[in-house]
Each structure stands twice: as C-alpha cells, then as structure tokens.
Amino acid sequence: MAEANTTTVTLHVHRFTPRAERAENARGGSPFARKSSPFGGGASASARRRPRGRQWVQEYTIPARPEDTVLDCLLTIKRTLDPTLAFRYSCGHGMCGSDAVAINGTPTLLCTAAIRDWAKQPGTLPQVDDEGFRHVGNGDDENTSVEGAQAADAKTQSLGVIELAPLPGFPPQRDLIADIDPMLDQIRKLTPYLQADGVLATTAEGKVDAFEYLQHPEQLAKYETLSNCIACGVCEGSCPVFAGGDAFIGPAALVWASRFINDSRDSKAMERMDAIDTADGVAACQSVRACSRHCPRGIDVGEEMWQIVAKVRER
Ligand code: SF4
Ligand code: FES
C-alpha cells in the first residue's frame, strides 16, 4: 500500500468562473466567422462572444500511479482537495463522449488518458492559451497552488506535469466544462436519424404488420465505423476552421450526415447532400485533417470529410 503512494503527478488546470450576468448569452467566436450563418443558431456575433469571468491556472499535486487516468486524478482532487473544481464525465470508459478537454493542448477524453502517456517533465509542456490552443513561449496566466496540495518530497517521485484546459473551439462554461451546444445544434439540424421507406415483413403466412430494413454486410460496412461517433467534439476542438461553429458546421455534423448518406436503407441521401452543400458545409472544410488525429472512436474524420466532399460534388 505504501508503494502505491510513492509517485505523484502535478496537474495545471485552466480554471474559469463566468460572470453571472454574462453566462446566459455567452458563445464562442471564430476568426473565420461571418456575421450570420444558417448554422449559427440565429445567434448574433455579440451573443457568441467568449464569456467573461475570472480565469487562472491552478496547480494540484496528488499521489497517482502511471496507469491512473486523468479523470481518476480529477476525481481525487474533487473528493479530497478542492470540491469547487468543475469537470464533466459520465461513463468513465470512452463511450459517452462527455469528458472531452484539451490535455497538454490536445483535444482528447479525460477517462481514456493515462498519466504515463501524458505526464511531461516541467518545462517541456506547450503553453496553452485562454482558447485552449497551444503556443510556443511563456504564458502570463496567474498560477496558484491549492491549499492543502501535497508537494513532492524526497520520498516521492514525480511522474511529471499535465496541463488541462477546456475543449478548444467552444466557449467555456466553468473550469474544464465547455459549452458543446453549438455542435449538438448543428448535428440536430442535419436530421441524424434514419429516414427509410420500410417494406412490410413477410412470413410463411404472408405479409405481417411490421417493417423490416434488410441490408447486406457490405452495405453495413459503408457506414458502420461512422455510426461509432459519440459526439464528443474532439474533432471539432482540433479543427482550426470550426472554432465555435459560426463559419463551419464542423466535422462531427458532417460525420453524422455521412453516416446516413452511406446507409443503403435511408431514402433522403439527396436531401442530406443538399443540406451540406453550402458555404458553411462541405465548402468550408479546408482539408487540414487535424480532425483525424485524435478521434477516440477510431474514425478517420479527415478521410471521411474528403469522401463526403467528393460525393457531394459528383452528385
Ligand atoms: S468523429 Fe470522433 S472525434 Fe469527432 S465527435 Fe465523433 S467520436 Fe468525437
Ligand atoms: S466519461 Fe464517457 S467518454 Fe469519458
């Protein structure tokens, strides 16, 4: 038992407390943003500004094992050191997508990030700005240590430092919780559900009052991987064009559109392609392919973008 506590990790957490009167209308902005957008949810440019409030970086040093996840560490902090720290999670094993943040500047999930993979020695971490993006050079954030945090002593070995910030591209709500409603709104606008003309099933006695949607394995293979998307927002947080959703519906919405366009049972493929054949749709994708690098569900998002763009143009 004593050995389990011989290693520590230090978390630098970008914290944010919104000004109460601004929290309702707050939305993020994009350097590519147009004044209005069919995907902007009707929000004005001023309404989509980054929320205002107090920002600072807080340091926590806690006992941890290399195999622990960053989520484990945050739960330890919340339970033993600082109940005010806010973060979001649900399933705890990479299935719900609710805990996407920027770890060392890279969008990923808290619950699947092991300390051994992310802890860096001090001085080797990239600087992460208020928007959650990485920069070379020194930041000027206020640094404070939480009261009661345990400093590593001669008997403990530090596994390193991990920097945590809310998911880039989305307005922060509090601490590590980002407002992902812009992404969910865009996915919803593209009707992410099957629209099929069913055929009445047939039994030995004849037709029965139930629809069946038959599909060959090869047809399933065309969209099966896409159906694994958990709407975590990691691809959107990686996309330099998305940045809040004003100028681009974003890779996650296009993955959901592509999932149904490629489904042989769906009867609305042409309408779905019309819906994304817009300046804010496939035309806005710049093929940067940053979206592909960290999808926790193994979707090659950049390749899917490429294919859906080609399909829309060929139609
Ligand atoms: S495509 Fe991957 S990274 Fe993007 S929202 Fe879906 S699961 Fe997350
Ligand atoms: S908590 Fe559900 S994916 Fe991480």
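How many of the residues of helix α6 (residues 251–261) are buried? I began with this helix in the predicted model, and I found that ten of its eleven residues are buried, so that I noted α6 as mostly covered.

**Entry 1: helix α6 and its surroundings**

I listed the buried residues of α6 as Pro251, Ala252, Ala253, Leu254, Val255, Ala257, Ser258, Arg259, Phe260 and Ile261. I then looked up what these buried residues pack against, and the partners are α3, α5 (234–238), α7 and α8. From the side of isoleucine 276, I noted contacts with Leu254, Ala257 and Ile261, and also with Leu190, Ile249, Gly281, Val282, Ile308 and Val312, leaving aside residues up to four places away in sequence.

**Entry 2: the nonpolar core**

Isoleucine 276 led me to the largest nonpolar core, which has 66 residues and in which the residues with the most contacts are Val9, Leu11, Leu74, Ile103, Ile162, Leu164 and Ile276. Domain 1 (3–178) and domain 2 (181–314) both give residues to this core, so I recorded it as lying between them. As background I wrote down that nonpolar side chains tend to be buried together in soluble globular proteins.

**Entry 3: strand β8 and its neighbours**

I turned next to strand β8 (residues 157–166), where eight of the ten residues are buried, so the strand is largely enclosed by the rest of the structure. On the parallel side I found strand β1 (residues 7–18), joined to β8 by six bridges, and within this pairing leucine 11 has isoleucine 162 as its bridge partner in β8. Strand β3 (residues 100–103) runs antiparallel to β8 and is joined to it by three bridges. Along this pairing I placed isoleucine 103 opposite leucine 164 and valine 101 opposite proline 166.

**Entry 4: strand β3 and its hairpin**

Which way do the residues of β3 point, and are they buried or exposed? I found that Ala100 and Ala102 point one way, that Val101 and Ile103 point the other way, and that all are buried. This agrees with the general rule that side chains of a regular strand alternate between the two faces of the sheet. I also followed β3 to strand β4 (residues 106–109), with which it is antiparallel and shares four bridges, and there threonine 108 is the bridge partner of valine 101. The hairpin of β3 and β4 has two residues between the strands, and I noted in it that asparagine 104 takes a positive phi near 50°.

**Entry 5: helix α1 and the loop before it**

In helix α1 (residues 70–80) I found the buried residues to be Val70, Leu71, Cys73, Leu74, Leu75 and Ile77, and they pack against β1, β2 (53–63), β3, α2 (115–118) and β8. Aspartate 68 sits in the loop between β2 and α1. I checked its exposure, and at 11% relative accessibility aspartate 68 counts as buried. Its contacts, residues up to four places away in sequence excepted, are with Ala113, Ala114 and Ile115.

Arginine 116, which I found in helix α2, counts as exposed at 54% relative accessibility. Arginine 116 touches Pro66 and Glu67, again not counting residues up to four places away in sequence. I also recorded that arginine 116 and leucine 159 are 43 residues apart in sequence, whereas their C-alpha atoms are 7.5 Å apart in space.

**Entry 6: two further positive phi angles**

I looked up threonine 191, which is not a glycine but has a positive phi of about 45°, and I placed threonine 191 in the loop between α3 (181–189) and β11 (199–203). With a relative accessible area of 25%, threonine 191 is partly exposed. Arginine 289, likewise not a glycine, has a positive phi of about 65° and lies in the loop between α7 (269–276) and α8 (301–314). At 30% relative accessibility, arginine 289 counts as partly exposed.

**Entry 7: the ligand shell**

Which residues are closest to ligand 1? I counted 13 residues around ligand 1, and the closest are Cys229, Cys232, Gly233, Cys235 and Cys295. By character, I found the shell to divide into eleven nonpolar residues, one polar and one charged.

**Entry 8: the whole chain**

To close, I noted eight helices and twelve strands in the protein, and I found that 46% of its 315 residues count as buried. Among contacts between residues at least 6 apart in sequence, 73% join residues at least 24 apart.

Definitions and conventions:
Residues are numbered from 1 along each chain as its sequence is written. Chains are lettered from A and ligands numbered from 1 in the order in which they are written. This is a predicted model: local features need pLDDT of at least 70, side-chain atom pairs count only at pLDDT 80 or more; totals for chains, interfaces and linings use all residues. Side-chain values use heavy atoms; hydrogens and water are left out. A residue is near a molecule or strand if one of its heavy atoms lies within 4 Å of it. Ala, Val, Leu, Ile, Met, Phe, Trp, Tyr, Cys and Pro count as nonpolar, Asp, Glu, Lys and Arg as charged, and the others, Gly among them, as polar. Buried means under 20% relative accessible area, exposed over 50%, partly exposed in between (1.4 Å probe, protein chains only). Two strands pair if DSSP finds at least two bridges between them. A nonpolar core is a set of buried Ala, Val, Leu, Ile, Met, Phe, Trp, Tyr and Cys residues joined through side-chain atoms within 4.5 Å. Domain bounds come from an automatic or database domain assignment. Contact means heavy atoms within 4.5 Å.
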